[in-house]
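Biologist: I should like to learn how to read a protein model step by step. Where should one begin?

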Amino acid sequence: MAAPHFVVVGNPVGHSLSPVIHAHFAREAGIALEYTTLLAPLEAFERVTRGFFAAGGRGANITLPFKVEALALANLASARARLAGAANVLTAKGAILEADNTDGAGLVSDLRRNLGIALSGARIAMIGAGGAARGAIAPLLACNPSVLVVVNRTPDRARTLANRFASLGNIEGRALDALAQDRFDVIVNATSTSTKGTPLELPAECLAPGALAYDMAYGPAARAFVDKAKAQGARASDGLGMLVEQAAEAFWLWHGIRPATQSILALLREGA
Ligand code: ATR
């Protein structure tokens with residue numbers, strides 16, 4: 001019998017590290033699986049993804065720009081996918097397609113386990129109010145920070161997000177320049193600035209002593225943000241650990257095994 005087939009669907013998708021990460025987890029768990037990339041034309045996500053599952057595919061990771069469409073495609077969705085308004089995991093359960101979102105859980109795991117950050121009681125700033133920010137808010141609020149302040153270039157989007165999640169914890173929405181008027185223990189860059197090559201500079205005033213500045217982007221794209229934050233005296237990290245941890249969470253959903261993440265994270269960092 002052929003090994004169960006998994007894919008990452010995106011556009012572009014050739015650069016995706018997901019096949020390497022899942023193959024590594026599978027080897028360590030002693031599981032046989034096939035994990036490949038699947039490029040979907042921008043207007044054909046649904047057709048391509050349905051075709052994969054119709055041919056017996058078991059599960060798909062979904063990357064940009066299809067995460068919102070992935071949620072709409074599913075018959076069932078987890079609470080965290082509905083709150084995020086987007087899905088990065090689709091799983092075939094018989095004839096049913098189930099959507100989930102492991103991105104926020106991946107961020108929280110990276111912050112807590114890999115970077116040793118205590119989120120309970122922390123003052124957290126989230127920069128950005130697009131899809132990447134929205135997916136991380138509920139998992140961060142579940143860690144009981146003293147406050148989560150969403151700041152955004154377009155302040156109304158930050159306020160709308162904060163209102164939407166107000167029942168889940170202490171959350172505020174403000175303009176981007178409000179960052180400089182407060183101090184935070186953790187600052188998460190969830191804007192598209194690094195991936196667009198227009199890196200964001202943090203005002204030094206927003207960094208509490210020992211603060212962590214975290215960019216959800218990874219690799220060369222995140223380097224300018226990370227280097228600048230370090231030069232300002234902060235701890236800083238890119239989002240490679242978030243990528244590995246969201247994959248680990250998907251692996252657990254699909255195979256019922258929680259993979260160790262340290263060795264693949266170290267390997268990917270060596271290759272970076
Ligand atoms: P995604 O779904 O990938 O998060 P998005 O919905 O386009 O993408 O959101 C991008 C985020 O990056 C937004 O918060 C955007 O701010 P606006 O809401 O004001 O557009 C933010 N962003 C993009 N370029 C930026 C820049 N040069 N400076 C500050 N914020 C920026």
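**Domains and ligand**

Modeller: One begins with the division into domains. This protein is divided into domain 1, covering 5-101 + 242-271, and domain 2, covering 104-238. Please keep in mind that the model is predicted.

Biologist: How far apart do the C-alpha centres of domain 1 and domain 2 lie?

Modeller: The two centres are 25 Å apart. In the contact, 17 residues come from domain 1 and 19 residues from domain 2.

Biologist: What area is buried between domain 1 and domain 2?

Modeller: Buried area is what two parts lose in accessible area on being put together. Here the area is about 1,300 Å², and carbon and sulfur atoms give 52% of this. On the side of domain 1, Leu 83, Met 242 and Glu 245 supply 47% of the area buried against domain 2, more than any other three residues.

Biologist: How many salt bridges are counted between domain 1 and domain 2?

Modeller: The count is 2 salt bridges. In addition, 7 residue pairs are in polar contact across this interface.

Biologist: Which residues come nearest to the ligand?

Modeller: There are 14 residues around the ligand, and Ala 129, Asn 152, Arg 153, Thr 154 and Arg 157 come nearest. This shell divides into 3 nonpolar, 8 polar and 3 charged residues.

Biologist: Which atoms of the ligand and of the side chain of Asn 152 should one compare?

Modeller: One compares an oxygen atom of the ligand with an N or O atom in the side chain of Asn 152, at 2.6 Å. For the side chain of Arg 157, an N or O atom is 2.7 Å from a ligand oxygen. A nitrogen atom of the ligand is 3.1 Å from an N or O atom in the side chain of Lys 196. Taken alone, the ligand exposes 640 Å², of which the protein buries 73%.

Technical notes: Residues are numbered from 1 along each chain as its sequence is written. This is a predicted model: local features need pLDDT of at least 70, side-chain atom pairs count only at pLDDT 80 or more; totals for chains, interfaces and linings use all residues. Side-chain values use heavy atoms; hydrogens and water are left out. A residue is near a molecule or strand if one of its heavy atoms lies within 4 Å of it. A polar contact is a pair of N or O atoms within 3.5 Å; within protein, one must be able to donate a hydrogen and the other to accept it, and residues adjacent in sequence count only if both atoms are side-chain atoms. Accessible areas come from the Shrake-Rupley method with a 1.4 Å probe; for residues, only the protein chains shown count as cover. Ala, Val, Leu, Ile, Met, Phe, Trp, Tyr, Cys and Pro count as nonpolar, Asp, Glu, Lys and Arg as charged, and the others, Gly among them, as polar. Domain bounds come from an automatic or database domain assignment. Contact means heavy atoms within 4.5 Å. Buried area is the accessible area (1.4 Å probe) that two parts lose on being put together, summed over both. A salt bridge is a side-chain nitrogen of Lys or Arg within 4 Å of a carboxyl oxygen of Asp or Glu.
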